[in-house]
Amino acid sequence: MSPPTNNFIIPATSVIYRLLIFRIYKPVRQENPMKDSILQNIENRDYSVGIVGLGYVGLPLLWTFHEKGYKVVGFDIDQTKIDAINNGKTYIKHFTDDKIHKLASSELCDLTTDFSDAGKVDAVLMCVPTPLNKHREPDMSYVEATTRSIAPHIKKGQLIVLESTTYPGTTEDLIKPICEELSGLKSGEDFYLGYSPEREDPGNPSFVTATIPKVVGGDGPAALEISMALYSSVIDQAVPVSDTKTAEAVKLLENIFRSVNIALVNELKVVFEEMGIDIYEVINAAKTKPFGYMPFYPGPGLGGHCIPIDPFYLTWKAREYGLNTRFIELAGEVNTDMPKYVLKRTLEALNAHGKAISKSKVLCVGLAYKPNVDDMRESPTYHIMDLLDKYGAKVDYHDDYVPVIPETREHSHWAGYKSVPFDQETLSSYDAVIITTNHSYLDFKKLFEWSSCIIDTRNALQFNGTSDKKKVWKA
């Protein structure tokens, strides 16, 4: 069959032509009673969703599905999180007690540490950590352990989706073989696999889980259709891509884009400082251009789970293909060196005041990696505190969002340290104060009045201009 010609000639490059060809040659739809039944159950909310990992990604996702009328089950290996929810108390500051209480009191929400219950839900969404190991290579132990915990309990028709950021090929090469081996079932025929990268931005007042578009990839057409149906029922916009590895690559591109651009302005910050130019004034003027420019801002280093880690997942995977990711690695090097630059500026500031760092008391204001959240993952403040401690300084921190430093994988030596008060007596007792996080609750005008030497890594003292360069050092 050929497309009509005669008096109805359509250019082969036109969208109409391509759509017409697609309609003419579109294959006959294959019957899939199991898939059709699942889609009907999703539409009727006769469908249950399990969320594995109740952290900054999993807890909001659990709430989103619950809010839309789904039966939800939260899984976590940490009993303290389960207990906190059951007691109506939040453990993530921007996630309110009111939401926690509604989950705890709802008949549509169950919580457990027993992963064998994964076989009792219709979909399992995995939101577990994907950190780097000490060699800056992907640590897939959490993903693999979670997959092995749920795989023996997979049932026919079940949907398994990974949301954790990872390298392209994880779903296909790691999760799929484990699921098939331990369940005895086949992906695409007996159960369905998908990948949908999380896009959480903790504390962002403009977006919540339901309003952030969701990229979705599936292991085959049926898996994609089911995954799209599920996410579309709770998210304003679901964006399908051709397969799981493409979806995995989307998340990496998003964060590599940010990492490279932040590295650029961090490098320019150092260069412009030597030239006596204020990087923030440059950025603010440049962003008045209405096209071809997007502002990024420098800082004391990268924090959070995404930008400091995700680019290296692609760097690691690229080596398998004999390729080097020079842009990514250079950006990582620049951003990783920023705490050292903060130390350098602190040394210069103390020297200008006739003080040695080994005999100085230094306060870091802000432990969270960004303003107005209690998220300390990969916070550059930890690295700055480590460097100050190495040089013999007496180091303290202030952060109302983090009253006590908890146990962490990499910075356990700071566990138990308590936030010092934010008042005149306390701040005036330090030889140097480093602004590492510009929380909105902080009164920076008072900080300026109470402190004799300030290293500002966030342009928090912009109201002061450049009138007191001996007192305020930008870093």
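Select Ile51 in this predicted model. Leaving out residues up to four places away in sequence, Ile51 touches Gly58, Leu61, Leu62, Phe65, Val73, Gly74, Phe75, Leu125 and Cys127. Ile51 is also among the residues with the most contacts inside the largest nonpolar core, along with Tyr47, Leu62, Phe65, Tyr70 and Leu230. That core has 41 residues. The greatest contribution to this core, 7 residues, comes from helix H8, residues 221-232. A second core, separate from this one, has 35 residues, including Val73, Val128, Leu132 and Leu174. As a general point, nonpolar side chains in soluble globular proteins tend to be buried together.

Next, select Leu111, which belongs to strand E3, residues 109-112. Leu111 counts as buried because its relative accessible area is 19%, and the cut-off for buried is under 20%. Beyond four places in sequence, Leu111 touches Leu54, Leu62, Gly74, Ile82, Ile85 and Asn86. From Leu111 to Asn86 the C-alpha distance is 8.2 Å, with their positions 25 residues apart in sequence.

Proceed to helix H7, residues 170-183. The helix has 14 residues and reaches 18 Å from first C-alpha to last, close to the 20 Å expected. Where does H7 bend? The bend, of about 35 degrees, is at Lys176, and Pro177 follows within four residues. Now colour the buried residues of H7: Thr170, Thr171, Leu174, Ile175, Ile178, Cys179 and Ser183. Their cover includes strands E4 (123-126), E5 (159-162) and E6 (192-195), together with helices H6 (141-150) and H9 (244-275). Just after H7, Gly184 takes a positive phi of about 75 degrees.

From E6, continue to Ser196, in the loop between E6 and strand E7 (214-218). Is Ser196 buried or exposed? With a relative accessible area of 0%, Ser196 is buried. Its side chain makes a polar contact of 2.8 Å with the side chain of Lys214. Apart from neighbours within four places in sequence, the residues in contact with Ser196 are Val161, Leu162, Glu163, Lys214, Val215, Val216 and Tyr231.

The next stop concerns backbone angles. Most residues other than glycine have a negative phi. Select Asn372, in the loop between strand E9 (361-365) and helix H14 (380-390); its phi is positive, near 65 degrees. Glu378 is found in the loop between E9 and H14 as well, and its phi is also positive, near 55 degrees. Asn372 is partly exposed at 28% relative accessibility, and Glu378 is partly exposed at 22%.

The tour ends with salt bridges, of which the whole structure has 23. Lys155 pairs with Asp122, the closest N and O atoms being 3.5 Å apart. Because Lys155 lies in the loop between H6 and E5 and Asp122 in the loop between E3 and E4, the pair ties together parts 33 residues apart in sequence.

Asp278 and Lys474 form another salt bridge, at 2.8 Å between the closest N and O atoms. This pair links distant parts of the chain, 196 residues apart: Asp278 is in the loop between H9 and helix H10 (279-286), and Lys474 is in strand E13 (residues 472-474).

Then select Lys355 and Asp431, whose closest N and O atoms are 2.9 Å apart in a salt bridge. Lys355 counts as partly exposed, at 30% relative accessibility, whereas Asp431 counts as buried, at 17%. Finally, select Glu273, Lys344, Arg345 and Glu348, which are joined into one network by salt bridges that share partners.

Technical notes
Residues numbered from 1 in each chain as written. Predicted model: local features only at pLDDT ≥ 70, side-chain atom pairs only at ≥ 80, totals over all residues. Heavy atoms only, no water. Helix = DSSP H or I, 4+ residues; strand = E, 2+ residues; numbered from the N terminus. Expected span 1.5 Å × (residues − 1). Bend = angle between axes of the 7 residues up to and from the residue. Buried < 20%, exposed > 50% of the residue type's maximum accessible area, 1.4 Å probe, protein only. Contact = heavy atoms within 4.5 Å. Polar contact = N/O pair within 3.5 Å; in protein donor to acceptor, adjacent residues only side chain to side chain. Core = buried A, V, L, I, M, F, W, Y, C linked by side-chain atoms within 4.5 Å. Salt bridge = Lys/Arg side-chain N within 4 Å of Asp/Glu carboxyl O.
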